[in-house]
Amino acid sequence: MASLLEWAAHGFWNLSAWQLVLFTLGMTHVTMLSVTIFLHRHQAHRALDLHPMASHFFRFWLWLTTGQVTKEWAAIHRKHHAKCEQPDDPHSPHVYGIKTVLLQGYELYRKEAQNKDTLARFGHGTPNDWIERHLYTRFSFAGVALMLLLDLTLFGAAGLAVWAVQMAWTPVMAAGIVNGAAHFWGYRNFEAPDASTNISPWGILIAGEELHNNHHTYPTSAKLSVKPYEFDIGWMYISLLQRVGLARVKKTPPRLALGAVRATADEHTLEALIQNRFELMATYARSMRLALDSELSDLKARSADATVLKAARNWLHRDAEKVPPGAAAQLAAVRAASPVLDKMVLMREELRQLWLNRSHTREQLAADLQAWCQRAEASGIAALQEFSLRLRAARA
């Protein structure tokens, strides 16, 4: 009886409290890696290929620790990208509210998983072998039940707490924080056509998924970090898997290449602009902020009121449809007060229309770009002149 009570209290693996915490964190880390590498980057976006041995390990681990069905996850995530921030987005905080997505993100996921149209339209190409049909999908609940038995056997009563953390980790981190906070709070490197943000420049706790704005900008990239100060631990593991032959990366974020400045902008310049538009527009945004700082300095030198200019800092470089109504009036006032900033806003929109325009031929768009560069360099605005020269030096 004493031995039975001892096992019930501590299990076969008698760990200290700190050892239990480290073990649990290690298990949840593997789960997050399985989600980001297998479900997200490999299955949903095909950003990399996995060796069958690695692929099946991740499938098995997710069955044990989440009960996740691959087809459901991939289909719902693909639909999220296709319908992002629209009424059909399965889990947008701008549709359902941030509180709902943070606290009930998993329920939103389960609801969408019952939508047969979503699975049919977006679930193609996911595993459909014997073990998927007869075990992982058919008995998706059995894996988490087996994990509960393992945890209780190894740790006794404490195993229930270990299991509860394992089960809650993905719904909280992925369904709640990534789907909610990463479309609501954080910083943006790029003006992606949605509300995605980077929660943190260091993607460790959620295995790189913190860099969500980067991902929505380059969704088919296996690497989520783009800036020198950003770190994607998921990419670190992918690189290790590739080194030992268990993965093959198919795509990473494009890198802007610069050469000699062309005499005039041409079709090659247009191609470089379209291919590197997010990075180039991020450069343009920095130029706008520098111009804003210069305007602020001039106003202070004249002892003028700079309040309106300061208020516009967060919205001056954003697409017009992304500016909230409350900030639109401030931007209008800034543009009326500063011809330089007004010109830069106008020319930014003209530049953006070059890759949005579907009615002009390639030759016409190249001619439009050439005219844009000529006007930028004749504007007398240093920021526009420097950007135009950089654009003419860009290579696809």
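A disulfide is a pair of cysteine sulfur atoms within 2.5 Å, and the structure, which is a predicted model, holds zero disulfides. Charged side chains are paired in 18 salt bridges, while the largest nonpolar core has 37 residues and a second, separate core has 31 residues. The points below take up the cysteines, the nonpolar cores, the salt bridges, one buried glutamine and a nonpolar surface patch.

**Cysteines**

- With zero disulfides in the structure, the surroundings of individual cysteines can be described by their accessibility: Cys84 has a relative accessible area of 11% and is therefore buried, the cut-off being under 20%.
- Cys373, at 2% relative accessibility, also counts as buried, and Cys373 is one of the residues in contact with Leu391.

**Nonpolar cores**

- Within the largest nonpolar core, which has 37 residues, those with the most contacts inside it are Leu351, Leu369, Trp372 and Leu391.
- Two or more residues of this core come from each of helix 13 (267–275), helix 14 (277–301), helix 16, helix 17, helix 18 and helix 19.
- Leu391, when its neighbours within four places in sequence are left aside, is in contact with Thr269, Leu273, Leu280, Leu351, Leu369, Trp372 and Cys373.
- The second core, separate from the one just described and made of 31 residues, includes Leu39, Ala54, Ile206 and Trp235.

**Salt bridges**

- Asp319 and Arg352 form a salt bridge in which the closest N and O atoms are 3.4 Å apart; this pair links distant parts of the chain, with Asp319 in the loop between helix 15 (307–311) and helix 16 (325–337) and Arg352 in helix 17 (residues 339–356), 33 residues apart.
- Both partners of that bridge, Asp319 and Arg352, are buried.
- Arg392 and Glu377 meet through their side chains in a salt bridge with an N to O distance of 3.0 Å; because Arg392 lies in helix 19 (residues 382–393) and Glu377 in helix 18 (residues 362–377), the pair ties together parts that are 15 residues apart in sequence.
- The partners of this second pair are covered to unlike extents, since Arg392 is buried with a relative accessible area of 10%, whereas Glu377 is partly exposed with a relative accessible area of 29%.
- Salt bridges that share partners join Asp319, Arg348, Glu349 and Arg352 into one network.
- The side chains of Glu191 and Arg188 also meet in a salt bridge, at 3.5 Å from N to O; here Glu191 counts as buried at 14% relative accessibility, and Arg188 counts as partly exposed at 22%.

**A buried glutamine**

- Gln166 is placed in helix 10 (residues 158–180), and with a relative accessible area of 3% this residue is buried.
- Not counting residues up to four places away in sequence, Gln166 touches Met27, Thr28, Thr65, Met147 and Asp151.

**Nonpolar surface patch**

- Trp202, Ile204, Phe231, Met236 and Leu240 together make a nonpolar surface patch of about 470 Å².
- Phe231, one of the residues of this patch, is found in strand 3 (residues 231–232).
- Phe231 is partly exposed, with a relative accessible area of 31%, and this value meets the patch requirement of over 30% relative accessible area.

Conventions
Residues numbered from 1 in each chain as written. Predicted model: local features only at pLDDT ≥ 70, side-chain atom pairs only at ≥ 80, totals over all residues. Heavy atoms only, no water. Buried < 20%, exposed > 50% of the residue type's maximum accessible area, 1.4 Å probe, protein only. Patch = residues over 30% accessible without salt bridge, like charges linked within 9 Å, V, L, I, M, F, W, Y side chains within 5 Å. Areas by Shrake-Rupley, 256 points an atom, 1.4 Å probe, with all protein chains shown as cover. Salt bridge = Lys/Arg side-chain N within 4 Å of Asp/Glu carboxyl O. Helix = DSSP H or I, 4+ residues; strand = E, 2+ residues; numbered from the N terminus. Contact = heavy atoms within 4.5 Å. Core = buried A, V, L, I, M, F, W, Y, C linked by side-chain atoms within 4.5 Å.
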